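Could you walk me through this structure in my viewer, one selection at a time? I am new to it, so please tell me what to pick and what is there.

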Amino acid sequence: MTRQRSLSPAARRVLQALTDAGPAGRHGYDLCREAGIKSGTLYPLLMRLEAQGYLAADWQVVDMPGRPPRHVYRLTAEGRTLAAGNPVIEPKDAGLPDGRPA
């Protein structure tokens, strides 16, 4: 039997941001802002989700001179399933199951 670990709040927010982005995907900087997490947390998380097949990433060339290509992240079908099963938990939902604060 495989043990299923619960996703962290940061992972849930990143999955939500990528779900909202749809097929266009998001850049890492955008994900940092939307998920409210720092790059030191975001990029290891993105690498792990990509290695597990939940994300696809590719390079996007920027038309502005002097700007380097950027990585664009998109959810795979497995990633969309993972995101649907792990919605963002709002602080008010973090209490007891009947809604009372812990």
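Start by selecting Leu31, which is buried, with a relative accessible area of 0% in this predicted model. Leu31 counts as buried because its 0% falls under the 20% cut-off. You will find Leu31 in helix 2.

Next, show what surrounds this residue. Setting aside neighbours within four places in sequence, Leu31 is in contact with Val14, Ala17, Leu18, Arg26, Gly36, Leu42, Leu46 and Tyr73. For a distance to try in your viewer, pick the C-alpha atoms of Leu31 and Tyr43: they lie 9.9 Å apart in space, and the two residues are 12 apart in sequence.

Now move to Leu46. Again leaving out neighbours within four places in sequence, Leu46 is in contact with Val14, Leu31, Leu55 and Tyr73.

Widen the selection to the largest nonpolar core, which has 20 residues. Those with the most contacts inside it are Val14, Leu15, Leu18, Leu31, Leu42, Leu46 and Leu55. At least two residues of this core come from each of helix 1 (9–21), helix 2 (28–35), helix 3 (39–51), strand 3 (70–75) and helix 4 (77–85). Helix 1 gives the largest share, 6 residues. In soluble globular proteins, nonpolar side chains tend to be buried together.

Finally, zoom out to the whole chain. Colour by secondary structure to see 4 helices and 3 strands, running α-β-α-α-β-β-α from the N terminus on. Of the 102 residues in the chain, 29% are buried. Switch on the surface to finish: the accessible area is about 7200 Å², with 55% of that belonging to carbon and sulfur atoms.

Notes: Residues numbered from 1 in each chain as written. Predicted model: local features only at pLDDT ≥ 70, side-chain atom pairs only at ≥ 80, totals over all residues. Heavy atoms only, no water. Core = buried A, V, L, I, M, F, W, Y, C linked by side-chain atoms within 4.5 Å. Buried < 20%, exposed > 50% of the residue type's maximum accessible area, 1.4 Å probe, protein only. Contact = heavy atoms within 4.5 Å. Areas by Shrake-Rupley, 256 points an atom, 1.4 Å probe, with all protein chains shown as cover.
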